Amino acid sequence: MMIYRANDYKIKWLLCGLLLGTVTTLFLPKLLLTNQGAVNTNLEYPNTNTERRFAQYSKWPIFLSDLSYDINAWRSRCWLNQKILPTENSDQYYKTNYTKYSVCQKVIGEIKSIYDIKTKVAEVQYPSAFAEKIKKIFNNDEDLYAKALKQELHFVINKYSFEHTVYNPLRGRRPVQRPEVPIDQYLKETMNKTSQSCDLCNYQNMTAMDSLGRMENRHAYSAANAFKFDQWHSMFMPRQHDVTKLTFDQLKDVYTLAWKWILAVHKQSPAHRFPTLLWDSLPHGGASQVHPHIHTTVHSDHYYGQFESIRSTAEQYYRDYKSVEGHQQTNYFRALQDVHAALNLSLSLGGITVFTPITSRKEYDIVVLAENFDERLIEVIYTILQGYFIKLKQYSFSSCLYLQPLSSKTDDQGSTPVYFRIIPRGQASSLLSEVSSLDLLSIYNVNTLPANLFAEVATWFKPK
């Protein structure tokens with residue numbers, strides 16, 4: 001009897017287990033999915049409006065090319081005028097008792113507000129045979145060889161834009177394979193060969209036009225790009241096929257015509273407010289044609305990503321420092337100008353500033369900031385081009401010219417200065433690339449200190 005009852009209980013519990021298992025299997029997953037769906041439905045994702053960041057610029061203090069401090073007081077009281085980048089070791093770069101002067105505190109504070117600059121030492125050991133080879137590279141200069149054993153690496157990072165550069169001048173002395181064809185020979189042969197079948201020389205028959213029609217003046221003409229990268233995208237070219245023979249009047253006519261087209265675009269479509277001019281020189285510099293041509297676009301809503309990130313950087317800098325007592329300079333671009341002037345890396349030309357950035361991307365990286373886009377700025381750009389060609393032998397380059405936002409109404413929020421930047425692309429006749437994974441995917445590797453380049457650039461603008 002007791003056995004029967006025990007079995008009876010087992011059967012009952014087994015039936016209950018089966019019933020509970022069935023309910024769990026059939027209904028619990030649905031219940032969980034229903035609740036999960038309810039949770040997902042209630043999620044609120046912040047900032048889903050992709051235009052939000054572009055719409056929230058402040059009205060910055062106007063960009064002016066004059067400094068916000070007394071440069072002579074800075075040089076006499078603060079800086080030791082070293083031709084290397086400052087680091088966290090202030091004793092090497094600043095004069096005794098510099099902290100008692102307000103100008104020192106202001107400028108040093110401004111440098112530190114944007115940049116983190118450090119110097120590190122990398123020690124190297126060479127086997128005897130290889131050491132002899134290294135010494136030959138340095139022409140048996142014992143001082144240079146000693147520096148090779150303990151190499152100084154200068155790291156500079158912009159804490160707002162995250163531009164990051166490492167300088168090791170000794171890397172510039174590495175053996176580099178020379179081009180098989182001398183540069184002068186390459187240029188002569190290339191110009192002669194391509195001029196015979198140049199589509200851009202035969203622009204009337206071999207180039208496209210946009211809805212504004214073809215524009216021309218004495219030395220330049222327009223052509224719509226056959227394969228556009230923006231809604232309003234045209235090209236402007238000098239009649240001169242050889243970029244090395246480009247005259248100032250020819251370059252001025254190219255920019256004048258491009259400006260005429262930009263205004264026509266904005267008149268037809270006021271939403272298009274952000275003009276950009278991009279110029280790649282020669283095939284090694286990324287140009288599809290040897291004939292010089294400047295791509296010109298007018299974008300709506302905002303600038304293209306890379307410059308928009310700089311504009312966003314300027315906004316964040318303004319927000320961080322607009323309420324800081326004693327921080328008189330809250331225009332990011334003017335602060336950049338202040339810093340580079342303090343480090344003796346900038347040249348003021350009255351409304352225009354030329355400087356070699358301490359976050360350079362390549363060896364001959366030059367930036368120009370201007371209050372206006374006018375003939376004087378074109379003169380500065382032309383002078384830089386001539387310096388590239390004649391002094392540096394750099395014929396392949398990439399450059400950008402970002403003009404101030406256009407508007408039919410008073411709208412100066414997030415208004416940048418005119419911004420020009422030019423970067424060399426290596427030897428025009430070389431098959432070797434001028435960039436590596438460091439430059440494209442990691443950190444800018446530069447082998448010439450900005451001070452060395454600036455010493456050369458400054459000579460280009462001396463009165464003749």
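Of the contacts in the chain with a separation of 6 or more, 69% are accounted for by residues 24 or more positions apart. The model is predicted, and its secondary structure comprises 14 helices and 13 strands. Buried residues constitute 47% of the 464 residues in the chain. The chain exposes about 25400 Å², of which carbon and sulfur atoms supply 53%.

Helix α6, spanning residues 142–149, illustrates how burial is distributed around a helix axis. Its buried residues are Leu144, Tyr145 and Ala148. Viewed down the axis of α6, these buried residues fall within an arc of 100°, so they line one face of the helix. An α-helix has 3.6 residues a turn, so residues three or four places apart point the same way. The buried residues of α6 pack against α5 (128–137) and β2 (150–158). On the other side of α6, Glu142 and Asp143 are exposed. The N-terminal end of α6 is capped by Asp141, a side-chain oxygen of which lies 2.9 Å from the backbone nitrogen of Asp143.

A nonpolar patch is found on the surface, formed by Val435, Leu440 and Leu441. Together, Val435, Leu440 and Leu441 have about 330 Å² of accessible area. Leu441 is located in helix α13, which covers residues 437–441. With a relative accessible area of 75%, Leu441 lies over the 50% cut-off and is therefore classed as exposed.

Definitions and conventions. Residues numbered from 1 in each chain as written. Predicted model: local features only at pLDDT ≥ 70, side-chain atom pairs only at ≥ 80, totals over all residues. Heavy atoms only, no water. Patch = residues over 30% accessible without salt bridge, like charges linked within 9 Å, V, L, I, M, F, W, Y side chains within 5 Å. Areas by Shrake-Rupley, 256 points an atom, 1.4 Å probe, with all protein chains shown as cover. Salt bridge = Lys/Arg side-chain N within 4 Å of Asp/Glu carboxyl O. Helix = DSSP H or I, 4+ residues; strand = E, 2+ residues; numbered from the N terminus. Buried < 20%, exposed > 50% of the residue type's maximum accessible area, 1.4 Å probe, protein only. Arc of directions from axis to C-beta. Contact = heavy atoms within 4.5 Å. Polar contact = N/O pair within 3.5 Å; in protein donor to acceptor, adjacent residues only side chain to side chain.
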